[in-house]
Amino acid sequence: MPLARPIVFGNWKMHGLRADALALAGSLAQRSARLSATLGIFPPATVLAEVARRVADTALMVGGQDCHDKPEGPYTGCISAPMLKDAGARAVIVGHSERRHGLGESDDFVCRKARAAIESGLLTVLCIGETEEEWLAGRRFEVLTRQLDGSLPDSATAETLLIAYEPVWAIGTGRTPSIEDIRETHAWLRRRLAARFADGAQMALLYGGSVKAANAAEIMAQPEVDGVLVGGASLHAEEFWRIYTSGGGA
Ligand code: PEP
C-alpha cells in the first residue's frame, strides 16, 4: 500500500540521550494514535528500541539513520538492516550527505546499503543532493544523475524506497533553494524515475534541507513534493507536529 501523503520524516541525527529521546517520542506519540498521513522519526541507534516500544501503539513510524550492506560480520561499530528491524525499525535512511561527504561513503556503498535495506523489508529513504560548489557551478543535474545511477538499486520499487532530495548546502544552514528551484528539481527527478522504473511515477519524493513550520506548507504544496525530511526542527515536538499538519496531515 502506498504511504499516505504528506510523508514527514524527522532525522534526529546524533541527538538524544534516553530521557530526552523518550520525552520527545512520548510527546509525538500522544498526538499520533491515528494519523491521516505519514509521520516517522529516525532516532539514534542507542535509543531506537526503546523509542519503538514507546510509540508501538501509535501510527508513528520509527527508522534507523543508516545501515551496513552486510547482514552480520566483522564490522566493528556498524549496524545491519536486520538488526535495525529486530530493534523495531520499519525504515532506514541511507546516503545522507553527512555520511556521503562527512564519512566518504561512495555511491556504490550506498547502493549496496539500499539493496540490503530493501531485502530486509525496511522502507528505504535514499538521500541525494549536490554540494554548494556543485550548485554554484550549475552541476546540480549532473550530480543527481550520477547519484541516481550509482546509488539507487534496480530492485527499488515505489513500495520499498523513497528518494529525499537534500541539497547539501541547505542542510542545517537555514537556507533553502527557491520554491521554483525545488519545483524544477522535483519535476526533473520525477521524469528520471518514471523513465527508469515501471512504478517511478508513484515513488515518493521528499525535499530536505532547513525545513521548518514557516516554510513547510509552501514546499509540500509543490506538485512533485510528496513530503519532507526534517533534521533540526524534528527535535522539537511542537514544531515537528506543525510541519506535519501544515502539509495537510492530521
Ligand atoms: C537532514 O539532516 O536531513 C536535514 C534536512 O537537516 P535540517 O532540516 O536541519 O536542514
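Select D107 first; this residue is in helix α5, where helices (H or I, at least four residues) and strands (E, at least two) are DSSP runs numbered from the N terminus. The model is predicted, so local features need pLDDT of at least 70 and side-chain atom pairs count only at pLDDT 80 or more, while totals for chains, interfaces and linings use all residues. Residues are numbered from 1 along each chain as its sequence is written, and side-chain values use heavy atoms, with hydrogens and water left out.

D107 has a relative accessible area of 16% and is therefore buried. The term buried means under 20% relative accessible area, exposed means over 50%, and partly exposed lies in between (1.4 Å probe, protein chains only). Which residues does D107 contact, leaving aside its neighbours within four places in sequence? They are R100, R146, Q147, G150 and S151, where contact means heavy atoms within 4.5 Å.

**Along helix α5**

Next, select R112 and D108. Both lie in helix α5 (residues 107-119), four residues apart, about one turn of the helix. They form a salt bridge, with the closest N and O atoms 3.3 Å apart; a salt bridge is a side-chain nitrogen of Lys or Arg within 4 Å of a carboxyl oxygen of Asp or Glu. Side chains of opposite charge can pair when their charged atoms come close. R112 has a relative accessible area of 30% and is partly exposed; D108, at 45%, also counts as partly exposed.

Then display K113 and F109. K113 lies over the face of F109, 4.5 Å from the ring centre. A charge sits over a ring if NZ of Lys or CZ of Arg is within 6 Å of the ring centre and within 35 degrees of the ring normal.

**Salt bridges across the chain**

How many salt bridges does the structure hold? The number is 21. Select D154 and R196, whose salt bridge has its closest N and O atoms 2.8 Å apart. This pair links distant parts of the chain, 42 residues apart: D154 is in the loop between α7 (140-151) and β6 (161-165), and R196 is in helix α8 (residues 179-196). D154 counts as exposed at 65% relative accessibility, whereas R196 counts as partly exposed at 32%.

Continue to E224 and R190, whose side chains meet in a salt bridge of 2.7 Å, N to O. Here too distant parts of the chain are linked: E224 is in the loop between α9 (213-220) and β8 (227-230), R190 is in helix α8, and 34 residues separate them. Is R190 buried or exposed? At 9% relative accessibility, R190 counts as buried, while E224, at 27%, counts as partly exposed. Add R5 and D226 to the selection, since salt bridges that share partners join R5, R190, E224 and D226 into one network.

**An aromatic pair**

The structure holds five aromatic pairs. Rings of Phe, Tyr and Trp (its six-membered ring) pair if their centres lie within 6.5 Å; planes under 30 degrees apart count as stacked, over 60 as edge-to-face and the rest as tilted. Select F141 and W188: their ring centres are 4.8 Å apart and their planes are at 35°, so the pair is tilted. F141 belongs to helix α7 and W188 to helix α8, 47 residues apart. F141 is partly exposed, with a relative accessible area of 25%, whereas W188 is buried, at 12%.

**The nonpolar cores**

Now select V8, I41, L152, I163 and I243. These residues have the most contacts inside the largest nonpolar core, which has 63 residues. A nonpolar core is a set of buried Ala, Val, Leu, Ile, Met, Phe, Trp, Tyr and Cys residues joined through side-chain atoms within 4.5 Å. The largest core draws at least three residues from each of domain 1 (1-65) and domain 2 (90-203), with domain bounds from an automatic or database domain assignment. Apart from this core lies another, of 14 residues, among them A91, L123, L162 and A164.

**Backbone details**

Finally, inspect the backbone. The peptide bond from R5 to P6 is cis, with omega near -5°, and P6 lies in the segment before β1 (7-11). K13, in the loop between β1 and α1 (18-31), has a positive phi near 55°. S210, in the loop between β7 (205-208) and α9, also has a positive phi near 55°. Most residues other than glycine have a negative phi, and most peptide bonds are trans. K13 is buried, at 19% relative accessible area, and S210 is buried, at 15%.
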